[in-house]
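Hi everyone, thanks for coming. I'll walk you through one structure today, so have a look at it first.

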Amino acid sequence: TPGLYIVATPIGNLGDITLRAVDVLRRCDGIACEDTRVTGKLLKHLDISKPMWRYDDHSEHRDRTRLVESMRDRAVALVSDAGTPMVSDPGYRLVNDCRAEGIPVTALPGACAAVTGLALSGLPNDRFLFAGFLPSKDKARRETLAELAGVDSTLIFYETAPRLAKSLAAIEEVLPEREVAVARELTKLHEEMRRGLPAGVRAYFDANPPRGEIVLLIGPPPESVASEEEAEIMLVAALRTMKASQAAGQ
Ligand code: SAM
């Protein structure tokens with residue numbers, strides 16, 4: 001059926017494509033992708049041959065409109081280079097234009113580095129905040145970390161190998177007591193997970209400069225902080241009750 005199919009693709013291990021993704025890629029009329037070479041390799045592996053169109057959210061408005069219009073009678077799959085489209089990847093504008101034009105949109109779930117890194121890290125996962133890439137400038141990076149310091153959740157960032165050292169140094173400076181986890185090359189041959197206090201993890205990667213793709217996670221603030229706040233709230237409430245009963249007694 002015509003419309004837009006948002007299709008998640010593997011983040012490394014090609015075995016992670018879903019049966020439904022293969023089916024949609026096989027049956028669609030064409031594929032909108034970030035990089036035709038990257039998607040071309042995946043299609044070749046799956047033995048699928050389809051027209052591909054390069055798409056990113058900065059593509060000309062005219063091209064996007066044409067693509068959206070084509071979906072009135074064609075099924076178009078949207079993929080990114082890896083993982084789930086729109087998670088730090090293009091697609092947002094296309095989906096919104098489809099919605100505005102009444103084109104049916106559906107999404108096929110699959111691999112996502114942020115979620116895979118979270119699972120592998122073993123950090124608390126009842127609440128987590130995905131914050132994309134940290135800024136590349138030192139000051140902005142520290143400011144972002146300081147801004148997120150109070151969020152009572154595990155924090156998840158995408159990271160690049162050349163920038164990991166700087167990010168770990170900034171975390172060591174701003175949040176020295178918080179546990180960090182570095183998930184590298186997820187689902188690939190050299191998959192690695194390192195977890196510990198920022199100083200220790202930084203020292204490890206200083207000695208073993210990383211390669212490949214990285215998810216960086218920061219554990220939530222220690223529970224004692226939360227319970228101190230709770231204790232304060234309870235204390236204030238108790239004092240109020242005492243005052244009220246004193247006032248009533250007088
Ligand atoms: N849309 C993708 C997803 O769903 O995970 C993410 C795209 S984003 C442009 C690319 C970043 O994702 C990389 O810089 C890295 O931080 C992370 N990433 C992607 N694949 C990864 C992998 N196999 N292992 C670790 N991190 C990965």
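Let's start with a bit of vocabulary: helices are DSSP runs of H or I with at least four residues, strands are runs of E with at least two, and both are numbered from the N terminus. One caution: this is a predicted model, where local features need pLDDT of at least 70, side-chain atom pairs count only at pLDDT 80 or more, and totals for chains, interfaces and linings use all residues. Residues are numbered from 1 along each chain as its sequence is written.

Okay, the overall picture. The chain has 9 helices and 10 strands. Its radius of gyration, taken over C-alpha atoms, is 23 Å, well over the 18 Å from the globule rule for 250 residues (2.2 Å times the number of residues to the power 0.38), so the chain is more spread out than a compact globule. Along the principal axes, the C-alpha atoms fill a box of roughly 80 × 55 × 35 Å.

Now, one helix pair. Helix 6, residues 138-148, packs against helix 7, residues 161-174, at about 50°, with the axes 10 Å apart. Here axes are lines fitted to C-alpha atoms over the stretch in contact, and angles run from 0 to 180 degrees between N-to-C directions. That makes helix 6 oblique to helix 7, meaning neither under 35 degrees (roughly parallel), nor over 145 (roughly antiparallel), nor 65 to 115 (roughly perpendicular).

Who touches whom? Helix 6 brings Arg141, Arg142, Leu145 and Ala146, and helix 7 brings Ser167, Ala170, Ile171, Glu173 and Val174, with contact meaning C-beta atoms, placed from the backbone, within 7 Å.

Conventions:
Two residues are in contact if their C-beta atoms, placed from the backbone, lie within 7 Å.
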